[in-house]
Structure formats: structure tokens, C-alpha cells
Amino acid sequence: LKPPWLMMVEEIKLKIDTFLQGLREDFDGAVTTLITEKEILKNEIVELKKRKVEISEDVKNMEGKMVFKSPVILNIGGVLYTTSVNTLTNVKGSMLESMFSGRHKLTADERDGSFFIDRDGVPFRYILNYLRDPTHFVPPADNELKKEIAREAKYYSLTQLVEILTGGEIIFLDGSSSSILDSAMKETLVKMFDSNKGHLNLKLLCTSAQGIGVAVFDNATKGKGRILTLIKSNANHVFGCFIEDIFGQQGAWIPGSTENFLFALGNFTGSPAKLFNSGNGNSIHITSCGLHAGQSGDLVAFCSHSCAAPTTYTRWAPGYTPVTLSAGFLCGTPGNPTYTPLIMEVFQVSFT
């Protein structure tokens, strides 16, 4: 048997060893925690440095720029208007977009915080309505007022609004455009439609860029009326057809609307042409077979491509100089009814 004193010493030693082991474990745990926290702090420092660089860049970019808050008060020749920054900057490239983009320093009136522009304040309400919704802007009926608004629109560099008001341009809807029409052709085409109906709006339905063919044309036009087809031939002549009737009906050949017409925007005669149905036969085929205008093939497109000597569309519209209507007259290849299309575009027409 161990003497009591030895047993007491061993017990004390065991307690000391246990205590020291606990201290070592606590120490190791504390060291691990410190190492982990150090790594976290290092990562946070890296992120803060990145953010500092970003903030410095933002501050640098904002130097010299004004920040406008909505609503904005405008004093146009003494007439006050309240609007938003988004409205004023809605049309890129306009004078107002440039003014309120923050690129220029403007001084507000100390009394009411307004920004003064020394222009006619009365027609400016139409300018503001256009900026709010350019797509659905409806111009006033009064021609003198239109001229006033157009003058102000020109000052504010609102080119499309000027075109809408003066009627010298086509309005393309929903981001549409034409790769065929140049500015002179647009003006010529606009004049072919009755100006009393309003402005000519075109919405692109399909184009040869999509690999257009008879199926694409039929699907795009089915159930729709007022269809304008534009064709540019390999002879670089631009021609086409406007159809008021609704496509895709089970009617095959029909007399068609009296407003249907074939046209050429400056053919080989050097002058534009516009031809109505003379009443000699049906004017349009409206089942699924592409575009067929005139029963003898006055204009055929998409299923095949030809312009026979017109026999149905032979009545010249007033104001157009009649010439001999030979095969290939429309497409610019006199004596040859077959053409090769370079570009074809199909639009739905509306008026506002």
C-alpha cells in the first residue's frame, strides 16, 4: 500500500496535469480563432480597398456633373411646367436630354427653383406630351399650330417630331425600320397616300433578312389588312403593292378594295408610278399563296417573282405621268417580267 502522503501527491499531480491540458486546449483554440479572424479581416480589408477604388472612380466620374431631382420645374418663356428628369431625357440627342443629362451646369431660379428657357411657352405643352410618349403622340389638327410646334421641335432638336408634324416622313412603329427606303423614297411613298387620313405609320411584319418566302409572308399577313410590300430588285429598282383587304380569307381572287394600288418609286422611266385597279378583273388573291396582284400576274412575289405587263392595275393615279405598261415595268426590267429580289419588306399600315 502507498502511504497516504504519496497518494495525495499523485492526486495533486493529476489535477495539475488536467488543468494544464485544459489550458493547452484553450490556448490552441484561441490561436485557431485568432488565425481565422485574421483571415476574415484580411479579406474585409481587400474588399474595402476595392470599394475605395470604386468610390474614387464614381467621385471622379461625377466631378462637374449636376444631379437633377424630380420633379423639375421649367419656365418656358414665362409659362411654368412641372415634369420629371426621365421625361426630359427620354429622347436621346435632343437639346433637353443634353441639358438635363448632368453634363452641363444649369442655374435654377432662386425664387422657385425653375430652369428658364427663352422660348414660346404655349406650344411647349405639345413638346412635353411628345417626350412623355413619343410612340403614341397625336399632333393637333390645326395646321398653323402644327407649324408653331414644328418650329419649337426643331429648336429642341426633336427631329422625329418635326417629321411627324410636317408630314414629310414615315413613322415607323415598335422599333421598325426599312433598309430599302432612303429619304427621297420615303417622301415619294408618303405622297401616294391620302394625307387626310393622317400620318403614315409602318410596322414591320417580316423581311428577307428572315429568309422570307411564301410561308413566312402568309403567316405574317394572315388576318391583317392594309399591307405594304416593298421590293428592291437586282436592277436596284424599288416597287411594290399596297393592299387594303385582309389576307388569309377563303376567297381566292376577289375584286379587292378600290384603294389597292401598285407602285414604283422611280422606275426605269425616271418617274414614280401609282396604278389603281381599272376594274378589268380581280385585283388580289387573298388565300395562302404569297402576293398575287392582278389575275394576269401584274405583280407576283414570294412564291415566285414576276411583273407581267399590267392588265388589271392600269388606271394611273392623278398626278402621275402615264407611260406604256410593258412587262417588267414595275421592277425596272422592261420586256422581262422576271425579277430577282435583293430585299423584300412587308409592313402593316396604319394612320394617325
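Colleague: Which residue in β2 is the bridge partner of Leu74?
Modeller: Tyr81 of β2 is the bridge partner of Leu74. This is a predicted model, in which local features need pLDDT of at least 70, side-chain atom pairs count only at pLDDT 80 or more, and totals for chains, interfaces and linings use all residues. Residues are numbered from 1 along each chain as its sequence is written, and side-chain values use heavy atoms, with hydrogens and water left out.

Colleague: How do you know that β1 and β2 pair?
Modeller: Two strands (DSSP runs of E, at least two residues, numbered from the N terminus) pair if DSSP finds at least two bridges between them. Strand β1 (residues 72-76) has five bridges to β2, in the antiparallel sense, so the criterion is met.

Colleague: What makes β2 and β3 edge strands in their sheet?
Modeller: The open sheet has three strands in the order β2-β1-β3, with mixed pairing. β2 (79-83) and β3 (115-117) each have a single partner strand, so one side of each is without a neighbour in the sheet.

Colleague: Why do β4 and β5 count as paired?
Modeller: β4 and strand β5 (residues 200-207) share two bridges, in the parallel sense; the pair therefore satisfies the definition. In β5, Asn201 is the bridge partner of Ile171.

Colleague: Where does β4 stand in the sheet of eight strands?
Modeller: The order of this open sheet is β4-β5-β15-β6-β7-β9-β10-β14, and its pairing is mixed. β4 (171-172) and β14 (315-316) stand at the edges, because each has a single partner strand.

Key. Helices (H or I, at least four residues) and strands (E, at least two) are DSSP runs, numbered from the N terminus.
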